[in-house]
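The following exercises concern a ligand and its surroundings, and then some single residues. Please work through each task before reading its solution.

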Amino acid sequence: MELLKFEKGRKGVVGMKLLEERIRRDGIIEAGEVLKVDSFLNHQMDVQLYREMGREWRRLFDGAEITKILTIEASGIGIACVAALEFGVPVIFAKKSKTKNIAGEVYSTTVTSFTHGNVSTVIVSKKFLHPGDRVLLIDDFLANGAAMLGLIDIVRQSGAELVGCGIAIEKAFQPGGARLREMGIRVESLARVSKLEDGLIEFID
Ligand code: 5GP
C-alpha cells in the first residue's frame, strides 16, 4: 500500500491538505452523494494518515483538557483510536444494540444511518461517561448530522461536557455541519467537501 509523504513543519494545513489530496486521488463518488473512501479510511485503513489526522485534531483542540473521545460503531472507531493516542485518553464507542435499557445501566439514543437509512439504537454504558468528563466526538463523515446529534444526546444524558466534534470529511453541502455550528458546537473538519458532481470533488479551503 502506498503511503503519503508528510510535509513536516507546515502545521495547521498539513492534516487538511493530506486528507484532501488523498480524497482527490482515491475517493470514488457514488450515487446518493456518497463518497467512497474504502481504500484508505473505511475498509483498508492508512493508519499513518490517521496519525496525521489525530495530530491535527490534537493541535486544534490544544488546551481543551479532553478526558474522553466518543465515537460511533463502526467506521469511527479506527480514527478515534489513533487520535486517542495523541490525546492520551480512552475511546468509547457507542454500540449498536437491540436490547432496551431495562436495567438503567446505559445511556441510549437513536440514530438514522445516512448510508443505509435504517434507524438504530446506540448505547454507552454509564460506567464510562460521567459528569466531569470533557468529551471530544470523532467520526469519519459528517452529512446530515444524525450520528453527531445522537452522540451529543448521550453526552448530555451523562452530564459530561461536550468540547466539540472532530470530523475527517464534512460534506458541507449537506446540513449537518451548519446545524451543529448553529447550536454553538465547535466542529473541526479536516476536509470540507463543497461539491461531489460529475466525477469532480471540490473542497472549501
Ligand atoms: P450523518 O449522520 O451526519 O448524516 O452521516 C454520518 C455517518 O454516515 C457517518 O458515520 C458515516 O459512516 C456515514 N456517511 C455519511 N456520508 C457518507 C459518505 O459520503 N461516505 C461514507 N463512506 N459514509 C458516509
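A residue is near a molecule if one of its heavy atoms lies within 4 Å of it. This is a predicted model, in which local features need pLDDT of at least 70, side-chain atom pairs count only at pLDDT 80 or more, and totals for chains, interfaces and linings use all residues. Residues are numbered from 1 along each chain as its sequence is written, and side-chain values use heavy atoms, with hydrogens and water left out.

**Exercise 1.** Describe the shell of residues around the ligand.

*Solution.* Begin with the residues themselves: there are 17 around the ligand, and L35, D139, N144, G145 and K171 come nearest. Next, sort the shell by residue type: eight are nonpolar, five polar and four charged. Here Ala, Val, Leu, Ile, Met, Phe, Trp, Tyr, Cys and Pro count as nonpolar, Asp, Glu, Lys and Arg as charged, and the others, Gly among them, as polar. Finally, turn to the helices (DSSP runs of H or I, at least four residues) and strands (E, at least two), numbered from the N terminus. At least two shell residues come from each of β2 (34-36), β7 (134-142) and α5 (146-158); β7 gives the most, with four residues.

**Exercise 2.** Identify polar atoms of the protein that lie 2.8 Å from an oxygen atom of the ligand, and state how much of the ligand is buried.

*Solution.* A polar contact is a pair of N or O atoms within 3.5 Å; within protein, one must be able to donate a hydrogen and the other to accept it, and residues adjacent in sequence count only if both atoms are side-chain atoms. First, consider the backbone: an N or O atom of N144 is 2.8 Å from a ligand oxygen, and a polar backbone atom of A147 also lies 2.8 Å from a ligand oxygen. Then consider side chains: K171 places an N or O atom 2.8 Å from an oxygen of the ligand. Lastly, the ligand taken alone exposes 510 Å², of which the protein buries 89%; accessible areas come from the Shrake-Rupley method with a 1.4 Å probe, and for residues only the protein chains shown count as cover.

**Exercise 3.** Is K68 buried or exposed, and which backbone oxygen lies 2.9 Å from a polar atom of its side chain?

*Solution.* Locate K68 in strand β3 (residues 68-72). Its relative accessible area is 14%, so K68 is buried (under 20%; exposed means over 50%, partly exposed in between; 1.4 Å probe, protein chains only). The backbone oxygen in question belongs to F128.
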